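Work through the exercises below with the model open. Each task is followed by a solution in steps.

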Amino acid sequence: MRSQRLIPALVLAAGLAIPAAVATASPAGAKAAATTCRVEVDYVDLYDVDEKDGTDEVKIDLAGYYYPSGSKYVAMSNGDRAYSGNFANPTTTIGTSGWANFSLREVDPPIVGSGYNLGSINAYGSTCATLSTGQIAYVYKTITGTQKTYYSYYIRLVMTGL
C-alpha cells in the first residue's frame, strides 16, 4: 500500500519540477552570444571614379594582404558594383575586443603594388559583442577624397557572429 501512495507523490513532485525548469530555459531558437565574428567584404560601389581615364583599378588591403593577389585588380567605372568574390573574398575573424581595417587601394597597372590608399573602413569587436552566433550585422561607409580627381566609393562589410 505504501508504494501506491509513493507513485502519485513522485508524479506530483515531477510535475511541479518540470514547469520550473521550463520557465528558466532559454526561449526556443535562442543562440549563444558570439565570441568571435567573421568579417568580409559584401560589396563596393563606385560613384565617382578617381582616374581621369574613367576607370579605377582597385584592390583591398586587409592586414597587409592585397585582394585580389598578385598582378590582379578589379577594374571599376562610375556606377559599377564589385562583390567580395571579385576581390577574391577578403575575410578575417575578430574577437569582441578586436578590430579589422579594410583599405581601398587604387593601383596603377602594370605595377599593381600597394597603390594609393583611397580610404578605409573598420569593423569593431564592440559590434561583434552585440551579436549572437549566426546573427549578422552590416558595417558600411562612404569613402570620398581627391587624389587625381574627386572620387566616391561606398563599401559594405558583413559581420557574422561565430
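A charge sits over a ring if NZ of Lys or CZ of Arg is within 6 Å of the ring centre and within 35 degrees of the ring normal. The model is predicted.

**Exercise 1. Charges and rings**

Task: find which ring Arg156 lies over, and at what distance from the ring centre. Then do the same for Arg81.

Solution.
- Step 1. Arg156 is placed over the face of Tyr138, 3.9 Å from the ring centre.
- Step 2. Arg81 is placed over the face of Tyr43, and here the distance from the ring centre is 3.7 Å.
- Step 3. Tyr43 also takes part in ring pairs: together with Tyr83, Tyr140 and Tyr154 it belongs to a cluster linked by such pairs. The structure has 4 aromatic pairs.

**Exercise 2. Strand 10 and its partners**

Task: state how many residues of strand 10 are buried, and how many bridges join strand 10 to strand 1 and to strand 9.

Solution.
- Step 1. Strand 10 covers residues 150-161, and 11 of its 12 residues are buried. The cut-off for buried is under 20% relative accessible area.
- Step 2. Strand 1 (residues 36-48) runs antiparallel to strand 10, with 10 bridges between the two. One position to check is Arg38, whose bridge partner in strand 10 is Thr160.
- Step 3. Strand 9 (residues 136-146) is also antiparallel to strand 10, and 11 bridges join them. Here Thr142 has Tyr154 of strand 10 as its bridge partner; Tyr154 is also one of the tyrosines in the ring cluster.
- Step 4. The connection between strand 9 and strand 10 is a hairpin with 3 residues between the strands.

**Exercise 3. Strand 2**

Task: decide whether the residues of strand 2 are buried or exposed, and list the strands that pair with strand 2.

Solution.
- Step 1. Strand 2 spans residues 56-62, and 7 of its 7 residues are buried.
- Step 2. Sort the residues by direction. Asp56, Val58, Ile60 and Leu62 point one way, while Glu57, Lys59 and Asp61 point the other way; all are buried. Both directions therefore lead to residues under 20% relative accessible area.
- Step 3. Strand 4 (residues 74-76) pairs with strand 2 in the antiparallel sense over 3 bridges. Val58 has Val74 as its bridge partner there.
- Step 4. Strand 7 (residues 99-108) is antiparallel to strand 2 and is joined to it by 5 bridges. Val58 appears again, standing opposite Glu106 in strand 7.
- Step 5. Strand 3 (residues 65-67) is joined to strand 2 by 3 bridges, again antiparallel. In this pairing Asp61 stands opposite Tyr66.
- Step 6. The hairpin of strand 2 and strand 3 has 2 residues between the strands, and Ala63 takes a positive phi near 55° in this hairpin.

**Exercise 4. The disulfide**

Task: locate the disulfide, give its S to S distance and say why its hand is assigned as it is.

Solution.
- Step 1. A disulfide is a covalent bond between the sulfur atoms of two cysteines. A search of the whole structure returns 1 disulfide.
- Step 2. The bond joins Cys37 to Cys128, with an S to S distance of 2.2 Å. The cut-off for the sulfur pair is within 2.5 Å.
- Step 3. Distant parts of the chain are linked: Cys37 is in strand 1 and Cys128 in helix 2 (residues 125-128), 91 residues apart.
- Step 4. The torsion about the S-S bond of Cys37 and Cys128 is about 95°, so the disulfide is right-handed.
- Step 5. Cys37 and Cys128 are both buried.

Definitions and conventions:
Residues numbered from 1 in each chain as written. Predicted model: local features only at pLDDT ≥ 70, side-chain atom pairs only at ≥ 80, totals over all residues. Heavy atoms only, no water. Buried < 20%, exposed > 50% of the residue type's maximum accessible area, 1.4 Å probe, protein only. Helix = DSSP H or I, 4+ residues; strand = E, 2+ residues; numbered from the N terminus. Pairing = 2+ DSSP bridges. Phe/Tyr/Trp six-rings, centres within 6.5 Å; stacked < 30°, edge-to-face > 60°.
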